[in-house]
Amino acid sequence: MTEVSLRSLQKFYGKTAALKAISLDVNHGEFVSLLGPSGCGKSTTLKCIAGFEDITDGRICFDNKDISRKLPEDRDIGMVFQSYALFPHMTVTQNLAFGLEMRHVPKAEIAQRVARAMEMVQLTPYADRYPKKLSGGQQQRVALARALVIEPAILLLDEPLANLDAKLRDEMRGFIRDLQKRVGITTIYVTHDQNEAMTMSDRVVVMFDGEIAQAATPEDVYNRPASERVARFVGNANILDLPIARTDAQGTTVTLPGGATLQITRPAPSGQSRLRVMARPEQITLTSADLGQLPGRIEKRYFSGGHVEYSVATDCGPLFVTGPTTQHFAEGDSVGLCFDPARLWPLPDAESAQ
Amino acid sequence: MKRFRATLLIVPTAALIFFFVILPYVTVLLMSFRAPADGQPYGQGFSLEGYQQFFSQPYYALSLPSSLALGMATTFVCLVLGYPIALHIATASRRWRGLLYGIVLSPLLVGIVVRSYGWTILLGNSGVINSSLRNLGLIDRPLPLMYNNFGVILALAHVFLPFMVLPLLSSLQSIDPAIAQAARSLGARRFTIFRRVTFPVSMPGVQAGCILVFVLAISSYVTPSLVGGMRVKTTTLLVIDALIDQYQWPFGSAMALILAVTAGIVVLIFARLTRMKWT
C-alpha cells in the first residue's frame with residue numbers, strides 16, 4: 001500500500017493556471033474522490049499523478065519518494081480511463097497479460113495472475129473474447145482488472161462510469177468500492193457526479209477553478225460544507241440569509257422573517273450582522289400553515305418514488321424541501337416550514353470575501 | 001412498400017455500375033474468347049487462342065510475375081514511406097495537420113503524365129541527378145536510374161503515396177489516444193507501444209492502403225511507359241499494345257482479364273493473411 005502526497009502542485013497551460021498549488025495527502029488504502037465541475041482541474045490533477053502531464057511546480061510523492069520527474073511507465077500506477085482504452089486487437093486474456101509482460105513476469109505466473117484477476121471481476125467465461133464483443137459493463141471490468149492485475153502502487157480512475165447507463169452505473173459503483181476494499185489499494189477517483197463521489201469515497205475532495213475547496217468525509221462535505229459553492233455543488237442546498245439577533249456562549253440566534261428565532265450552536269463570524277445558513281431539503285419539515293417557523297406556499301410538487309420534492313415560496317426566497325410520500329401537500333397549499341437548528345450549518349463568509 | 005421505395009434509391013448507382021463496370025467486363029470477357037483475324041480487330045467465331053498466346057510465349061507470360069512484383073514493391077515502398085508520414089500527421093497539432101495534409105495531397109493536383117514526365121527529367125541519363133553528379137566529378141557514366149524497375153517503382157511510389165497515406169491516416173486518427181496512455185501506464189515504452197499496440201490497431205488502414213496502391217500500381221500505364229521507356233514490360237503495357245498498336249482485341253482482352261483475375265487473387269490472399277479477428 002502506498003501513500004500519495006501532492007505538495008503545492010501547480011500546472012500552467014501557457015499563462016493559464018489549471019492547478020493553483022494543490023496540496024493533498026492520500027493515506028494508505030484510502031479511496032479519495034476528486035469532485036468538481038468540468039474544468040476545475042480534477043482530471044489535470046489525475047493526469048499529473050499518472051505522469052501524462054508535466055507539472056509546472058510542486059512535487060508528487062509516493063511513500064515520501066518524489067516521483068514528479070518519472071515517466072508514466074515507471075510510476076507503477078494502474079489506471080482506468082473513461083473510454084476504458086482496452087486494446088481492441090487483444091482478447092480479454094491478452095489485455096490483462098499485457099502489463100505483466102511489460103514487467104517480464106514469467107509466463108506461468110502471468111497465466112495464474114490473469115486467471116485470478118479474471119475471476120475477481122467475474123469475466124472468466126469471456127477470456128477469449130475481443131473487447132468489441134463485450135458489453136459496456138464488461139469492458140469496464142476488463143479495464144479494472146487490467147489495471148489491478150499488475151498490482152500497482154496506486155489505482156487511478158478517470159470518470160470510469162460516465163459511459164454506462166444509470167442502472168449499470170449503480171451496480172459498478174458498489175462493485176468498484178468492494179473490490180477496492182478487498183484489494184486495499186490506495187485509490188484516486190475523478191468524477192463530476194456527486195452521488196458517485198459520496199457513496200464510494202472515504203474522503204471527497206471538492207475542487208473549483210484549480211483549487212481544493214474542501215477535502216473531507218462525504219458526511220462533512222454534505223452537512224458541513226466549507227463554502228456556499230461547495231454546498232450548492234454537492235446536493236441541493238437552501239441558503240437562508242438571516243439577521244443575527246444575538247451571539248452568546250450557546251451560539252448564535254437568528255431571526256426568521258415572521259419573527260421566529262433559531263438558535264444555532266455555533267458562533268457567527270465576528271463583526272457580522274447577518275448569517276448565511278444552509279439547510280438541506282430533507283432537513284426541513286413541512287407542517288400545517290399555523291405550526292411552522294416560517295410560512296410558505298407550495299409552488300411545485302414532484303413525486304419521485306421514494307419521496308416527494310417540493311418547491312416552496314417563502315419570504316426567504318424559494319426553498320427546496322423533500323418530504324415523505326405519506327404527507328399530502330398540493331401545489332398552492334399554504335404550509336409551515338420547520339427547521340432543526342442543530343442541523344443548520346452556518347456558512348463561512350469566505351465566499352463574499354473572494 | 002416502404003422497403004421497395006428505399007430500394008429505388010440504389011437504382012442510379014446500380015445503373016452506373018451495370019453500364020460502366022459489369023457491361024464492359026462482359027464485353028471484354030466475350031471479346032477475349034473471339035477468334036483473331038488479320039486486318040480487323042477480331043474474326044468470326046470463338047477460340048481460346050488469346051489465352052494460349054499469352055501463356056505459351058514467355059515474352060507475354062513473364063510480364064505477369066514482373067507486373068505483380070512491381071506492384072508489390074511499389075506497395076512496400078509506399079507503406080514504408082507513408083506510415084511515418086501518416087503517424088506524424090495524426091499526432092501533429094491541428095494547425096500543422098492542415099498544411100501536412102495539403103503537402104501529402106498535392107501530387108494529386110498535378111496530372112499523372114506531368115508527374116511521370118517530371119521523373120524522367122530528374123532520372124534520365126542527362127537528367128538533373130546524373131548531370132549534377134557528373135559535373136561534380138563523382139561519376140564517369142550516368143547511373144541507370146530510369147528505363148528500369150528502380151525508376152518505375154520510385155515514380156509509382158511517388159504517384160500513389162497519397163493513396164497509402166490517406167487510409168493509414170484515417171485509421172490512425174480513429175485510435176483512442178487513451179489506448180497509448182493505457183499501454184504506458186502498464187509499463188510499455190514508446191517502441192513497444194508502437195509495435196504491440198499502435199501498429200496492430202492501425203491494421204485496417206494498412207490493409208486498405210496496401211490493396212489500393214497495389215491495384216493502382218499494377219494497372220498503371222502512363223508511369224511505366226514514360227519512366228520505363230518500354231524497357232520495363234508490364235502486362236498493362238502489353239494490353240494497350242495489343243489493343244491499340246497491334247489491333248488484336250481478343251488477345252488484349254484475354255491479357256486484361258488474366259491480369260485482373262490474378263490481381264484479384266493476390267488481393268484476396270493478402271486480405272486473408274492480414275485478416276483481423278477483432279474488428
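1. Start with the two halves of chain A: the C-alpha centres of domain 1 of chain A and domain 2 of chain A sit 39 Å apart. Keep in mind that this is a predicted model. If you want to find the domains in the sequence, domain 1 of chain A runs over 4-232 and domain 2 of chain A over 236-345.

2. Now for where they meet. Domain 1 of chain A puts 8 residues into the contact, and domain 2 of chain A also puts in 8 residues. Between them the two domains bury about 790 Å², with 45% of that on carbon and sulfur atoms.

3. What about charges across the join? The rule picks out 1 salt bridge across the interface of domain 1 of chain A and domain 2 of chain A. Look at A:Glu228 and A:Arg276, whose side chains pair up in a salt bridge at 2.7 Å, N to O. The interface between the two domains also has 6 residue pairs in polar contact, both at pLDDT 80 or more.

4. On the domain 1 side of chain A that touches domain 2 of chain A, helix H7 (218-223) and helix H8 (228-233) each give at least two residues. By type, the residues of that side split into 4 nonpolar, 1 polar and 3 charged.

5. Over to chain B. The UniProt annotation "transmembrane region", from an unreviewed entry, covers residues 63-86, 98-118, 150-169, 205-227 and 247-271 of chain B. Residues 63-86 of chain B are 100% helix and 0% strand, with end C-alpha atoms 33 Å apart. Residues 98-118 of chain B are 71% helix and 0% strand, and there the end C-alpha atoms lie 26 Å apart.

Note on methods. Residues are numbered from 1 along each chain as its sequence is written. Chains are lettered from A and ligands numbered from 1 in the order in which they are written. This is a predicted model: local features need pLDDT of at least 70, side-chain atom pairs count only at pLDDT 80 or more; totals for chains, interfaces and linings use all residues. Side-chain values use heavy atoms; hydrogens and water are left out. Domain bounds come from an automatic or database domain assignment. Contact means heavy atoms within 4.5 Å. Buried area is the accessible area (1.4 Å probe) that two parts lose on being put together, summed over both. A salt bridge is a side-chain nitrogen of Lys or Arg within 4 Å of a carboxyl oxygen of Asp or Glu. A polar contact is a pair of N or O atoms within 3.5 Å; within protein, one must be able to donate a hydrogen and the other to accept it, and residues adjacent in sequence count only if both atoms are side-chain atoms. Helices (H or I, at least four residues) and strands (E, at least two) are DSSP runs, numbered from the N terminus. Ala, Val, Leu, Ile, Met, Phe, Trp, Tyr, Cys and Pro count as nonpolar, Asp, Glu, Lys and Arg as charged, and the others, Gly among them, as polar. UniProt positions are given in the numbering used here, feature names are shortened, and annotations may be inferred rather than shown by experiment.
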